[in-house]
Amino acid sequence: MAIAPKRKVSSARQNKRRSNVWKLSAPALCRCPKCGELKTPHRVCGNCGYYNGREVIKKEA
């Protein structure tokens, strides 16, 4: 047999309990071997347009 709570859980206490669930993790970043700019791994570099040693996107100098 379940016993009902004596008092309402305040919103502050409720939010404090839930606060751990919503933590965001920072995105993983690595340096582009071509230009040294920070980029996400396994993606084309937005600065120089290279991926895996090949030019994928033409960028103007």
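1. A useful term to start with: pLDDT is the predictor's confidence in each residue, on a scale from 0 to 100. It matters here since this is a predicted model. The average pLDDT of the protein is 90, and 98% of the residues score at least 70. Among the elements, strand E2 has the highest mean pLDDT, at 96, while E4 has the lowest, at 90. As a general reminder for reading any such model, predicted coordinates should not be read in detail where pLDDT is low.

2. Next, the overall layout. The protein has one helix and four strands, and along the sequence they follow the pattern α-β-β-β-β. The radius of gyration is 24 Å, well over the 10 Å that the globule rule gives for 61 residues, so the protein is more spread out than a compact globule. If you turn the model in your viewer, compare it with the extent of the C-alpha trace, which spans about 70 × 25 × 15 Å along its principal axes.

3. Burial and surface come next. Of the 61 residues, 8% count as buried. The accessible surface of the protein is about 6,200 Å², and carbon and sulfur atoms account for 53% of that surface. As for contacts between residues at least 6 apart in sequence, 0% of them join residues at least 24 apart. One pair of residues gives a feel for distances along the chain: Tyr51 and Val21 are 30 residues apart, and their C-alpha atoms are separated by 35 Å.

4. Two residues deserve a look for their backbone angles. In general, most residues other than glycine have a negative phi. His42 is not a glycine, yet has a positive phi of about 65°. His42 sits in the loop between strand E2 (38-39) and strand E3 (50-51), and with a relative accessible area of 64% it is exposed. Asn52 is likewise not a glycine and has a positive phi, of about 60°. You will find Asn52 in the loop between E3 and strand E4 (54-55); Asn52 is exposed, with a relative accessible area of 68%.

5. Which residues does Val44 touch, leaving aside its neighbours within four places in sequence? They are Gly49, Tyr50, Tyr51, Val56 and Ile57. Val44 itself lies in the loop between E2 and E3. Its relative accessibility is 32%, so Val44 counts as partly exposed. For Val44 and Arg54, ten residues apart in sequence, the C-alpha to C-alpha distance is 9.7 Å.

6. Tyr51 appears in that contact list, and its own place is in strand E3. Setting aside neighbours within four places in sequence, Tyr51 is in contact with His42, Arg43, Val44 and Val56. The relative accessible area of Tyr51 is 29%, and Tyr51 is therefore partly exposed. Try displaying Tyr51 and Val44 together: Val56 is among the contacts of Val44 and also among those of Tyr51.

7. What about the aromatic rings? The structure holds zero aromatic pairs. There is, however, a charge placed over a ring: Lys34 lies over the face of Tyr50, at 4.6 Å from the ring centre. Tyr50 is also one of the residues in contact with Val44.

8. Finally, the end of the chain. Is Glu60, in the segment after E4, buried or exposed? At 81% relative accessibility, Glu60 counts as exposed. Glu60 and Gly49 are eleven residues apart in sequence, and 9.9 Å separates them in space, C-alpha to C-alpha. Gly49 may be familiar from point 5, as one of the contacts of Val44.

Methods: Residues numbered from 1 in each chain as written. Predicted model: local features only at pLDDT ≥ 70, side-chain atom pairs only at ≥ 80, totals over all residues. Heavy atoms only, no water. Phe/Tyr/Trp six-rings, centres within 6.5 Å; stacked < 30°, edge-to-face > 60°. Lys NZ or Arg CZ within 6 Å of the ring centre and 35° of its normal. Helix = DSSP H or I, 4+ residues; strand = E, 2+ residues; numbered from the N terminus. Rg over C-alpha atoms; globule rule 2.2 N^0.38 Å. Buried < 20%, exposed > 50% of the residue type's maximum accessible area, 1.4 Å probe, protein only. Contact = heavy atoms within 4.5 Å. Areas by Shrake-Rupley, 256 points an atom, 1.4 Å probe, with all protein chains shown as cover.
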